[in-house]
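Please look through the structure shown below before reading on. The report that follows takes up the ligand and its surroundings, and then turns to the chain that holds it.

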Amino acid sequence: MEAAPCAVSRPPSSATAGYSQRSKRSFTVRASASSSSSHQTVTLLDYGAGNVRSVRNAIRHLGFNIRDVQKAEDIMSADRLVFPGVGAFGAAMEVLNQNGLGEALRMYIEKDKPFLGICLGLQLLFDSSEENGPVKGLGVIPGTVGRFDSTKGLAVPHIGWNALQPVKDSGILQGIEGQHVYFVHSYRALPSDDNKQWISSLCNYGENFVSSVSRGNVNAVQFHPEKSGAVGLSILRNFLRQSSSSGIKTLVPGKASKLAKRVIACLDVRANDKGDLVVTKGDQYDVRETTGENEVRNLGKPVELASQYYKDGADEVSFLNITGFRDFPLGDLPMLQVLRSASENVFVPLTVGGGIRDFTDANGRYYTSLEVASEYFRSGADKVSIGSDAVFAAEEYLCTEAKTGKTSIEQISRVYGNQAVVVSIDPRRVYIKSPDEVKFKSVRLTKPGPNGEEYAWYQCTVKGGREGRSIGAYELAKAVEQLGAGEILLNCIDCDGQGEGYDIELIKLVSDAVTIPVIASSGAGVVQHFSEVFEKTNASAALAAGIFHRNEVPIQSVKEHLLEKGVEVRTPPTEQTSQSNKPEMGPRRTVVVVQPA
Ligand code: 1PR
């Protein structure tokens with residue numbers, strides 16, 4: 001049996017100082033950029049709790065200027081107000097109450113002025129929330145916001161694309177029946193007799209919950225229009241233009257009713273030997289060519305590929321800074337620039353990973369992992385993914401059985417929410433003859449190992465697969481869920497780049513063990529591999545890299561195949577921007593009419 005010593009050896013660059021004061025949640029109202037209230041200007045209430053860059057990008061993409069709220073009076077003088085609530089309910093109410101913003105919001109809404117609340121911006125309108133509470137809300141809509149019930153096997157947070165069921169006419173939702181929009185939340189409001197006059201659409205996730213409300217000019221949505229591709233942009237555009245008709249037509253035949261399975265395009269990014277940032281792709285994590293100078297495989301430019309995958313219908317795009325474990329990400333300015341540029345054109349969720357850990361730079365300046373993650377969020381990430389540091393955190397947690405509050409997972413999820421923290425696992429198969437050989441959870445193999453072994457356990461690695469650790473993928477997944485991770489990206493070094501299919505045994509093992517969503521990764525070669533992983537495991541999403549980079553299998557073909565197999569997926573329409581009539585592209589099969597600008 002392999003020993004798993006309790007002493008956890010962390011790499012020297014990982015400083016162990018306590019939770020920094022700097023990293024504590026602090027809410028401030030952003031400085032005002034302009035006081036213009038022209039037709040093309042929208043007022044944004046950003047109370048500084050998190051990442052609203054995506055909302056800003058989407059509003060600008062639609063041709064509008066942004067005026068930031070600086071004080072309560074700015075709310076009252078707004079012509080059109082967008083409130084993208086982020087962070088936790090209690091903390092948000094605290095800042096709204098402290099600054100008089102809550103009262104101003106109530107009055108603004110009472111006057112029936114154009115308002116769009118997003119995500120927490122919907123929840124805050126209700127009487128109260130159970131999130132770290134009960135906490136009193138703005139009290140505009142009757143009802144209490146509660147948590148989804150994960151005790152019956154429902155993955156929580158509710159992350160992904162789900163279909164709306166409009167229940168009444170609402171200008172901003174015109175024509176979106178059955179369309180998928182992007183949700184990411186653990187708490188939800190339920191419909192009741194008391195609030196039914198507010199509800200404009202419901203969505204189903206284990207139960208019917210309120211996905212949007214509308215009354216007069218006041219609107220709020222639980223989903224993220226800024227991350228819902230062309231459909232979301234259309235909803236935003238309708239609000240910004242005060243239009244009652246979007247021109248988006250229902251595209252998907254039949255009625256969508258479940259959380260759609262996601263198809264994710266992954267871009268492994270690193271500098272090549274000339275110092276240019278390129279998208280690369282490994283064979284079992286080896287990203288160097290086997291011929292010539294053994295240079296780093298170059299499969300394209302990160303921003304261009306990310307934009308293309310968005311247009312091709314990817315439900316999410318992931319960037320993994322694969323040398324982040326040795327290069328300090330905040331010193332990696334080109335990577336941050338890639339993120340900024342990509343987020344201006346990609347209106348589906350962007351995840352970024354690589355190098356998220358506590359770090360002391362060459363000048364002795366200490367950075368918490370929260371500061372590293374914050375820079376990624378500020379640059380346009382919607383979620384961050386933690387690899388090596390999550391392994392060390394889980395090892396420590398399993399040894400001590402105590403949460404310190406200081407691990408990267410805990411720090412980041414406390415400030416940005418669990419849904420913003422993905423843990424990327426890089427396991428390698430270790431063949432064994434009997435499960436008794438190791439203390440880690442193993443699987444019985446359908447295909448025996450090289451020496452006829454009938455079992456395998458999945459050893460977690462760090463530093464891009466270079467170092468094996470004494471912890472299995474199953475144990476790691478359960479530990480990081482307890483520490484606050486909101487999602488798991490499950491790679492497999494043996495399958496990476498092989499094109500022979502996902503490791504079904506591994507994905508089943510992990511996706512049955514946790515209640516948070518699991519993204520299956522590594523090994524996709526043909527469309528059938530995607531349906532296989534969704535049919536045989538509880539994976540919420542399937543990620544692929546090589547087949548998309550080499551144009552072997554278009555994303556659209558994957559989606560068509562999944563639809564044929566009865567797997568619900570999002571089929572995005574094309575979109576026209578306000579400035580251009582050029583379609584943004586999408587699956588060629590769908591035809592959309594969008595109102596000209
Ligand atoms: O440890 O926090 O700095 O994070 C580093 C991140 O970089 C981790 O998420 C780790 O998975 C990733 N990484 C490190 N080295 C490599 C490498 O390839 N040499 N890439 C690497 C991992 C794996 C997948 C890949 C799928 C699908 N990439 O994400 O995209 O296997 O590929 P396929 O469809 O072609 O089979 P830290």
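In this predicted model, an oxygen atom of the ligand is found 3.2 Å from an N or O atom in the side chain of asparagine 491. Two further polar contacts of the ligand are set beside that one in the table.

| Residue | Part of the residue | Distance to a ligand oxygen atom |
|---|---|---|
| Asparagine 491 | N or O atom in the side chain | 3.2 Å |
| Lysine 281 | polar side-chain atom | 3.4 Å |
| Glycine 523 | polar backbone atom | 2.9 Å |

On its own the ligand has 770 Å² of accessible area, and the protein covers 98% of that area. Two elements give two or more residues to the shell around the ligand, namely the strands β15, spanning 262–271, and β29, spanning 541–544. In total, 26 residues surround the ligand, and the closest of them are Lys281, Ser388, Ser424, Asp426 and Asp496. When the residues of this shell are sorted by character, 9 are nonpolar, 13 are polar and 4 are charged.

The chain as a whole gives the setting for this site. It has 597 residues, of which 61% count as buried, and it contains 16 helices and 29 strands. Among the contacts in the chain with a separation of 6 or more, 71% are made by residues 24 or more positions apart. The area that the chain exposes is about 22,700 Å², and carbon and sulfur atoms supply 47% of it.

Several helices can be examined in more detail, beginning with α12, which covers residues 473–483. Because 8 of its 11 residues are buried, helix α12 is largely enclosed by the rest of the structure. The buried residues of α12 are Ala473, Tyr474, Glu475, Leu476, Ala477, Ala479, Val480 and Leu483. Just after α12 comes glycine 484, which takes a positive phi of about 120°.

Helix α9, made up of residues 369–378, includes tyrosine 376. This tyrosine 376 has a relative accessible area of 1%, which is under the 20% limit, and so counts as buried. The side chain of tyrosine 376 reaches the backbone oxygen of glycine 354 at a distance of 2.9 Å. Although tyrosine 376 and methionine 335 are 41 residues apart along the chain, their C-alpha atoms are separated by 9.4 Å.

Serine 307 belongs to helix α7, which runs over residues 302–312. With a relative accessibility of 11%, serine 307 counts as buried. Leaving aside residues up to four places away in sequence, serine 307 touches Asn345 and Val346.

The cysteines complete the picture. How many disulfides does a search of the whole structure find? The search finds 0 disulfides, and cysteine 495 offers a case that can be followed step by step. The cysteine sulfur closest to that of cysteine 495 belongs to cysteine 492 and is 3.7 Å away; because a disulfide needs the two sulfur atoms to be within 2.5 Å, this pair is too far apart for a bond. Cysteine 495 counts as buried, at 8% relative accessibility, and cysteine 460 is also buried, with a relative accessible area of 0%.

Methods: Residues numbered from 1 in each chain as written. Predicted model: local features only at pLDDT ≥ 70, side-chain atom pairs only at ≥ 80, totals over all residues. Heavy atoms only, no water. Near = heavy atom within 4 Å. Polar contact = N/O pair within 3.5 Å; in protein donor to acceptor, adjacent residues only side chain to side chain. Areas by Shrake-Rupley, 256 points an atom, 1.4 Å probe, with all protein chains shown as cover. Helix = DSSP H or I, 4+ residues; strand = E, 2+ residues; numbered from the N terminus. Nonpolar A, V, L, I, M, F, W, Y, C, P; charged D, E, K, R; others polar. Buried < 20%, exposed > 50% of the residue type's maximum accessible area, 1.4 Å probe, protein only. Contact = heavy atoms within 4.5 Å.
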